[in-house]
Amino acid sequence: MSNNMKNIEFEKPAYTDWQDAAIKALKGKPFESLFTTTSEGITLQPLYTQESLITKLGDELDRQVATIRSLQSSPVFQVAQQVHADTSEAFFTQLDDSLARGNEVITIDSRVHFEWTEEVLAKLAPYFSEYSFKITVENAQDPLLAVFHYIAADQQQAVRGFIVSQDTISLPAFPNVRSVNADTTIYHYQGANAVQELAYALALAAKLAGQEESFEAFSKQFFVTFAIDTQFFTEIAKLRAFKVLWKAFLAAYGVTENLKVPTVAETSLRSFSKLDVYVNLLRSSNEALSGLIGGADVFTVHPHDVLTKPTEQSIRIARNVSLILKEETNVLKVIDPAGGSYFIESLTADFVKEAWALFLAIEAAGGIDEYTASGKLAEEIETSYQSRIKAVQTRKQSLIGTNIYANPADVLEEATNPLFAHIKRVAAPFEQLRAEMSAADVKTGIVALGTLKSSKPRADFVTGFLNTVGLVPEKSEPVGTVEEAVAWLKATEAKYVVIAGNDDDTKAFVTAILAEKPAHIIVDVAGKFKDEEQAWLANGLNGFIFAGQNIIEKLQSVFTSMKEVQR
């Protein structure tokens, strides 16, 4: 018996075997339905194998992995806790607390509520001599930059950090302060996708390299900044792809050695919401793990309530996200932990190919400035943004707590952190419409046709649909006659009502209900009824609610109609 067991072999299934099983499980749906197209225009396969990856990349696979590993900096994923404070006293208290509790990189946005006085800058200067830092300034005249005047000459060589600015900052006395930055977050927060961000990073690098006296001088001052979004594997591949693209960029300048460029990253806020803010904590944790696996060198986790005003608790939680990931995942014990994953290697290669092609197109157009002036860059980003926001508003992409599983009891915080007011967040249209409907005290309802069992699926769908903008519909008991339905409509305070039932009950009831409904009530039907649509609309039906519909467009239309009826 034991000898027979030793001789048993398990046959390795071929891709075609898996494909046949998948087609059978799809029960008539085409195999192509398993393919997904990303916002970057890249088709994701349902299964990746070693054979398919080798066929796609060949010898490039080994070179891609080797390049990424050779350009990995050390240390990796340094914790960059941003300081949020209203007074200089609170600023230094929070700064000391963060450094004592694991913060590794002093992170400051110069746009604070207090003044950068000589006293404050003199007190801050010793921190810059002892710790690495990342500061964001508005321009070369930013008052925070005066902090470098208070650092003693014998300490200037040891000062290390990053300056994020749209202007070129020159600090020749501080050779280890990097101030030449390809900041892709400005594009990311307008809606750019991963391929665009990578291409723009290279285009900015080309522009900035041309402004320096030599490429060597440029490389010592240069770093790149990324925002890491919620698309987990996409963001890992984005960070890995930049290293491959940087190697190609160096080769174009005749540089053969591995010049590492620091990658400074932060959690993205474009998927953050002011509603159900603790979901933002889950988003930022997911984003931080992408940054960790992807190989970001310096990382900032924004507090989950940063869109309004962070608290001591939210700041502590944000810092602990980085610390826990660093200490508990063991990811940092491996160089390039995503290396060798068939899916991520393939996605990385796709990003490299597409981003390099876009970069060459930008250079052919005269560089990033000419490309921007032509309007092409803005057009590309807007197209990407519209694709992203449409996916959220039609629920092709879930935004928990916003477009699905929304809690209408959540109170929308009106305050806005001015540092992030410019971000084109995909949750913002939901928040705005919720605020408008709340101010107008909109009342809605659902007429449940037939039995509870037959009406519940569509009634629940409508409830979730309306919850996304804070509406809690009044539900009727299941009604079995037209008279019961009309009586409920005449008694309700709702000005907008959706009829929810199965196909048979809906077809049997709607025409008669429309004939007797109160004139001031706007009525929709849950579901798609193509054969009956024109007749029902002609008899007074407002429209339909169904899966895949644009939630914002639909409910904005309903809100507009309600205001017109009230006039």
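## Glu493

Glu493 counts as exposed, because its relative accessibility of 51% lies over the 50% cut-off for that class. The model is a predicted one. Glu493 sits in the loop that links α18 (482-491) to β14 (496-500).

Neighbours within four places in sequence aside, the contacts of Glu493 are with Lys443 and Glu474. Ala535 is 42 residues from Glu493 in sequence, and the C-alpha to C-alpha distance between Glu493 and Ala535 is 27 Å.

## Nonpolar cores

In soluble globular proteins, nonpolar side chains tend to be buried together. In this model the largest nonpolar core holds 67 residues. The residues with the most contacts inside this core are Tyr200, Phe218, Phe222, Phe242, Trp246, Phe249 and Phe351. Helix α8 (residues 194-211) supplies the largest share of this core, 13 residues. Another core, of 30 residues, lies apart from it; Phe91, Ile106, Leu121 and Phe133 are among its members.

Phe249 can be followed in detail. With residues up to four places away in sequence not counted, Phe249 touches Leu202, Ala205, Ala206, Phe215, Phe218, Trp356 and Phe359.

## Strand β4 and its pairing with β5

Strand β4 (residues 105-109) is largely enclosed by the rest of the structure, because five of its five residues are buried. Both of its faces are covered. On one side the buried residues are Val105, Thr107 and Asp109, and on the other they are Ile106 and Ile108.

β4 and strand β5 (residues 132-136) run parallel and are joined by five bridges. Thr107 of β4 has Lys134 as its bridge partner in β5. Between the two strands the chain passes through helix α6 (residues 118-130), and this β-α-β crossover from β4 to β5 is right-handed.

## Packing of α5 and α6

Helix α6 also packs with helix α5 (residues 88-100), at an angle of about 10 degrees and with the axes 11 Å apart. The two helices, α5 and α6, are therefore roughly parallel to each other, since angles under 35 degrees fall in that class.

From α5, the contact is made by Ser88, Phe91, Phe92, Leu95, Asp96 and Leu99. From α6, the residues taking part are Val120, Lys123, Leu124 and Tyr127. Phe91, listed here on the α5 side, is also one of the residues of the 30-residue core.

Definitions and conventions. Residues are numbered from 1 along each chain as its sequence is written. This is a predicted model: local features need pLDDT of at least 70, side-chain atom pairs count only at pLDDT 80 or more; totals for chains, interfaces and linings use all residues. Side-chain values use heavy atoms; hydrogens and water are left out. Helices (H or I, at least four residues) and strands (E, at least two) are DSSP runs, numbered from the N terminus. Buried means under 20% relative accessible area, exposed over 50%, partly exposed in between (1.4 Å probe, protein chains only). Contact means heavy atoms within 4.5 Å. A nonpolar core is a set of buried Ala, Val, Leu, Ile, Met, Phe, Trp, Tyr and Cys residues joined through side-chain atoms within 4.5 Å. Two strands pair if DSSP finds at least two bridges between them. A crossover is right-handed if, with the strands pointing away from the viewer, the path from the first strand over the helix to the second runs clockwise. Axes are lines fitted to C-alpha atoms, for helices over the stretch in contact, and angles run from 0 to 180 degrees between N-to-C directions. Angles under 35 degrees count as roughly parallel, over 145 as roughly antiparallel, 65 to 115 as roughly perpendicular and the rest as oblique.
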